[in-house]
Amino acid sequence: MDEIPSGEQRVIDELVEFWQTRYLPRDLATHIDRLSSSWGNNRGVSFFRQVYEDLRTDKRSWYAASSASEFQRFLEAEYRQPTQAYAERRSQEKAQGTRGERKEG
């Protein structure tokens with residue numbers, strides 16, 4: 001599997017800690033806001049914000065995970081899904097652009 005960038009992994013780790021302990025890690029919201037756009041059009045940031053808000057408002061039960069490691073796997077899978085789709089879309093766009101240049105040239 002692709003390695004998750006350190007900023008995103010930090011947010012995942014902090015969300016898992018929050019899910020497990022119900023203790024809000026300091027600056028978690030700030031860490032979410034600082035994430036890069038590498039996830040494509042801020043879908044990742046929105047997802048992490050939603051999880052943060054759900055945990056903050058005691059909607060922990062909305063996540064069916066039975067353990068911290070299962071919750072972490074869920075967050076990582078959700079992170080990877082849009083990342084992979086974004087990378088595939090960018091590859092297709094580049095390939096189409098290259099083909100278009102060949103036809104014209």
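**Group meeting: four helices, their charges and their rings**

Let me start with one residue. Phe 74 has a relative accessibility of 30%, so it counts as partly exposed: the cut-offs are under 20% for buried and over 50% for exposed. Keep Phe 74 in mind, as we will come back to it. One caution before we go on: what you see above is a predicted model.

Now to helix 1. Helix 1 covers residues 6-21, which makes 16 residues. From its first C-alpha to its last it reaches 22 Å. That is close to the 22 Å expected at 1.5 Å a residue.

Which residues of helix 1 are buried? They are Glu 8, Val 11, Ile 12, Glu 14, Leu 15, Val 16, Phe 18 and Trp 19. Note that two names in that list are Glu: Glu 8 and Glu 14.

Let's follow Glu 14. Glu 14 pairs with Arg 10 in a salt bridge, with 3.3 Å between the closest N and O atoms. Where do the two sit relative to each other along helix 1? They are four residues apart, so about one helical turn separates Arg 10 from Glu 14. Are the partners buried or exposed? Arg 10 is at 45% relative accessibility and therefore counts as partly exposed. Glu 14 is at 11%, so Glu 14 counts as buried.

How many salt bridges are there in the whole structure? A search finds four. You have met one of them, between Arg 10 and Glu 14. Here is another: Arg 22 with Asp 58, the closest N and O atoms again 3.3 Å apart. This pair links distant parts of the chain. Arg 22 is in the loop between helix 1 and helix 2, which is 28-33. Asp 58 is in the loop between helix 3 and helix 4, which is 68-104. They are 36 residues apart. Both Arg 22 and Asp 58 are exposed. Look at the backbone here too. Arg 22 follows helix 1, and its phi is positive, near 65 degrees.

One more bridge. Asp 33 and Arg 49 form a salt bridge, and the closest N and O atoms are 2.8 Å apart. This one also links distant parts of the chain, with Asp 33 in helix 2 and Arg 49 in helix 3, 16 residues apart. Asp 33 has a relative accessible area of 49%, so it is partly exposed. Arg 49 has 38%, so Arg 49 is partly exposed as well.

That's enough charge. On to rings. A pair of aromatic rings is described by the distance of the centres and the angle of the planes. How many aromatic pairs are counted here? Seven. Take Phe 18 and Tyr 52. Their centres are 6.5 Å apart, with 45 degrees between the planes, and the pair is tilted. Phe 18 is in helix 1 and Tyr 52 is in helix 3. In sequence, 34 residues separate them. Phe 18 is buried because its relative accessible area is 7%. Tyr 52 is buried because its area is 12%.

Now back to Phe 74, as promised. The rings of Phe 74 and Tyr 63 have centres 5.9 Å apart and planes at 50 degrees, so this pair is tilted too. Tyr 63 lies in the loop between helix 3 and helix 4, and Phe 74 in helix 4, so the pair ties together parts eleven residues apart in sequence. And Tyr 63? At 13% relative accessibility, Tyr 63 counts as buried.

These two rings belong to a wider group. Trp 19, Phe 47, Phe 48, Tyr 63, Phe 71 and Phe 74 make up one aromatic cluster. Trp 19 has a charged partner as well: the charged end of Arg 60 sits over the ring of Trp 19, 4.1 Å from its centre.

Last stop, the core. In soluble globular proteins, nonpolar side chains tend to be buried together. Here, the largest nonpolar core has 22 residues. Which have the most contacts inside it? Leu 15, Phe 48, Val 51, Phe 71 and Leu 75. Helix 1, helix 2, helix 3 and helix 4 each give two or more residues to this core.

Look at two of these in turn. Phe 48 lies in helix 3, residues 43-56. Phe 48 is at 0% relative accessibility, so it counts as buried. Its C-alpha is 8.6 Å from that of Leu 75, though they are 27 residues apart along the chain. Then Val 51. Setting aside neighbours within four places in sequence, Val 51 is in contact with Leu 15, Tyr 63, Phe 71 and Leu 75.

Terms used
Residues are numbered from 1 along each chain as its sequence is written. This is a predicted model: local features need pLDDT of at least 70, side-chain atom pairs count only at pLDDT 80 or more; totals for chains, interfaces and linings use all residues. Side-chain values use heavy atoms; hydrogens and water are left out. The expected span of a helix is 1.5 Å times one less than its number of residues. Buried means under 20% relative accessible area, exposed over 50%, partly exposed in between (1.4 Å probe, protein chains only). A salt bridge is a side-chain nitrogen of Lys or Arg within 4 Å of a carboxyl oxygen of Asp or Glu. Rings of Phe, Tyr and Trp (its six-membered ring) pair if their centres lie within 6.5 Å; planes under 30 degrees apart count as stacked, over 60 as edge-to-face and the rest as tilted. A charge sits over a ring if NZ of Lys or CZ of Arg is within 6 Å of the ring centre and within 35 degrees of the ring normal. A nonpolar core is a set of buried Ala, Val, Leu, Ile, Met, Phe, Trp, Tyr and Cys residues joined through side-chain atoms within 4.5 Å. Contact means heavy atoms within 4.5 Å.
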